[in-house]
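Please open the model in your viewer and keep the sequence panel beside it. The tour below moves from the whole chain to single strands and loops, naming at each stop what to select.

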Amino acid sequence: MALIFVTGAAGYVGRRLVRALGARGSRVVALVRDPASLPADLRSLPGVEFVAGDLLEPASYEKALGGCSRVVHLAATTGKARPAVHERTNAEGTRTLLDAARRAGVGGFLHVSTIAVKFRDQRHYPYARSKVRAEEIVRASGVPFTIVRPTIVVGPDSPVVAGLGKLAGLPLLPVFGPGTARVQPISVDDVVLDLAEIVATDRFRGETIDLGGPEVVTIEELLRRIRSAAGKGRARVMHVPLGPVRAALALVEPLLLPVMPLTAGQLATFAEDGVAEPSDFAASRKRPLVGLDAALAGAKREAESDGTIRREFSVFGRYLVGRDPGASALAHYERWHAAHGNAEFASAPPIDRVLVAIARIHPIATRIADAYCARLRRASLLRRKLVLVLALIECSSETYTLVEEPRSSSRAGAWARLVASGAIEGLAFVAGAIVLFPLHAVLGLARRAP
């Protein structure tokens with residue numbers, strides 16, 4: 001029986017692929033950074049061995065790779081990262097793995113790429129450019145290969161759905177550009193079955209195969225469907241000019257990337273079609289594909305609920321004092337919210353509701369939204385909520401010292417902290433102006449419209 005080497009086994013698709021291969025009776029060696037961080041039921045799968053290693057350090061996995069005849073390469077840097085990091089992991093990491101695979105005599109290399117390699121404009125998308133390079137390296141390697149390019153992968157806890165869901169869940173649905181770019185989402189279960197089928201049938205013919213789902217929809221329609229799957233009603237759509245926003249984001253990314261809620265590259269899906277081309281492999285499937293609504297059925301509800309308020313309080317507390325404020329202050333915040341907060345949120349202007357929804361995502365998002373409000377919307381609902389959270393922290397016996405005790409023991413330390421805080425605040429305002437001002441302007445115009 002062939003021994004299969006899987007990289008990226010701790011990732012969204014990787015975890016499911018390892019389970020699927022194990023269920024088929026395959027023997028798997030799974031490369032991860034830290035096996036101890038995996039769920040216990042995954043670590044205990046029969047026939048699966050987890051190996052700790054780094055893609056760019058072949059000495060950490062060459063011995064384990066030596067007995068394998070097939071490789072499934074899923075590991076990649078995605079999302080918000082510097083171009084050099086994308087290049088190092090996605091391109092050079094693939095080259096390093098292929099060199100090791102060739103030395104080990106591997107007979108088949110399944111490389112999982114992305115539909116984004118087909119995007120025409122990749123100037124602001126280092127992830128796509130690095131995956132183009134990775135594909136070129138695979139084709140030139142001399143190792144029998146197949147390249148697959150999944151479209152948007154959806155399913156319960158899908159990272160892409162989670163990201164788009166933050167937009168889809170806002171009180172006013174923002175769509176960058178006209179919203180007509182076509183996408184073809186595919187269920188994570190179908191991706192896993194396709195990968196397992198390629199390995200099981202030794203389909204290593206030098207092919208490049210697009211993997212797409214049964215429906216082609218516009219990106220605006222996908223956002224609406226994600227919103228519906230999360231249990232939210234219809235929302236008014238706000239179209240935001242795509243070109244200027246992407247250009248502005250690309251301009252400030254070299255300086256502000258760590259605090260930016262999104263990048264110019266991540267907006268490529270709003271600008272480019274991501275549709276799978278027909279292939280012999282797709283035509284040969286013997287099973288029906290999972291429909292879009294069924295694939296989205298696991299999307300988590302994001303509503304004005306107790307869970308959301310607890311999460312909001314935790315995020316705001318970490319932004320203000322660097323830690324979760326604790327149960328005592330939370331209880332007061334929940335009581336206030338039950339008495340006043342829901343009504344305030346429902347009656348607030350659309351821009352205020354958008355700012356609160358963005359701010360509760362992460363402390364960095366809170367900082368950006370608060371810096372924007374401090375200068376352009378001082379009486380906003382977000383500012384009132386932050387003042388309340390800070391007051392509750394200061395009045396709680398559990399946390400008052402976080403506000404009252406000095407954070408620096410020397411005058412020099414205090415000055416350094418003050419200068420750093422000012423610089424961070426300035427950067428946060430610039431990021432907020434770029435991302436939030438277009439939303440604010442459009443919402444203001446929408447409210448004045450007859």
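How far apart are the mean positions of the positive and negative charges of the protein? In this predicted model, colour the charged side chains: the 58 positive and the 43 negative charges have mean positions that lie 3 Å apart.

**The whole chain**

Switch to a cartoon view, in which 19 helices and 13 strands can be followed through the protein. The radius of gyration is 24 Å, close to the 22 Å that the globule rule gives for 450 residues, so the protein is as compact as a globular protein of that length. Turned along its principal axes, the set of C-alpha atoms fills a box of roughly 65 × 60 × 40 Å.

Next, display the surface, of which the protein exposes about 20,400 Å², with carbon and sulfur atoms supplying 56% of that area. Beneath the surface, 51% of the 450 residues count as buried. If you then draw contacts between residues with a separation of 6 or more, 76% of them turn out to join residues that are 24 or more positions apart.

**Strand β6 and its partners**

Select residues 145-150, which form strand β6, a mostly covered strand in which six of six residues are buried. With side chains shown, Phe145, Ile147 and Arg149 point one way from β6, while Thr146, Val148 and Pro150 point the other way, and all of them are buried.

Now add residues 108-112, strand β5, which runs parallel to β6 and is joined to it by four bridges. Within this pairing, Val112 has Val148 of β6 as its bridge partner.

Then add β11, at residues 207-211, which pairs with β6, also in the parallel sense, over five bridges. Centre the view on Val148 once more, since this residue stands opposite Ile209 in β11. Is β11 itself enclosed or open? Four of its five residues are buried, so β11 is largely enclosed by the rest of the structure.

**Ala116, in the loop after β5**

From β5, follow the chain into the loop that leads to α5 (126-139), and select Ala116 there. This alanine is buried, with a relative accessible area of 3%. Which residues does Ala116 touch, once its neighbours within four places in sequence are left aside? The contacts are with Gln122, Tyr125 and Ala128. For a distance to draw, take the C-alpha atoms of Ala116 and Ala81, which are 35 residues apart along the chain and separated by 16 Å.

**Two aspartates with positive phi**

Select Asp157, in the loop between β7 (153-154) and α6 (159-168). Its phi is near 65 degrees, a positive value in a residue other than glycine.

Asp202 is the next selection, placed in the loop between α7 (188-200) and β11. Here too phi is positive in a residue other than glycine, with a value near 50 degrees. Asp202 is partly exposed, its relative accessible area being 42%.

**Gly322, between two helices**

Finally, move to the loop between α13 (306-321) and α14 (327-347), where Gly322 is found. Is Gly322 buried or exposed? With a relative accessible area of 58%, Gly322 is exposed, because the cut-off for that class is over 50%. To finish, draw the C-alpha to C-alpha distance from Gly322 to Pro363: the two are 41 residues apart in sequence and 9.0 Å apart in space.

Conventions:
Residues are numbered from 1 along each chain as its sequence is written. This is a predicted model: local features need pLDDT of at least 70, side-chain atom pairs count only at pLDDT 80 or more; totals for chains, interfaces and linings use all residues. Side-chain values use heavy atoms; hydrogens and water are left out. The radius of gyration is taken over C-alpha atoms; the globule rule is 2.2 Å times the number of residues to the power 0.38. Buried means under 20% relative accessible area, exposed over 50%, partly exposed in between (1.4 Å probe, protein chains only). Contact means heavy atoms within 4.5 Å. Accessible areas come from the Shrake-Rupley method with a 1.4 Å probe; for residues, only the protein chains shown count as cover. Lys and Arg count as positive and Asp and Glu as negative; His and the chain ends are not counted. The place of a charge is taken as NZ of Lys, CZ of Arg, CG of Asp or CD of Glu. Two strands pair if DSSP finds at least two bridges between them.
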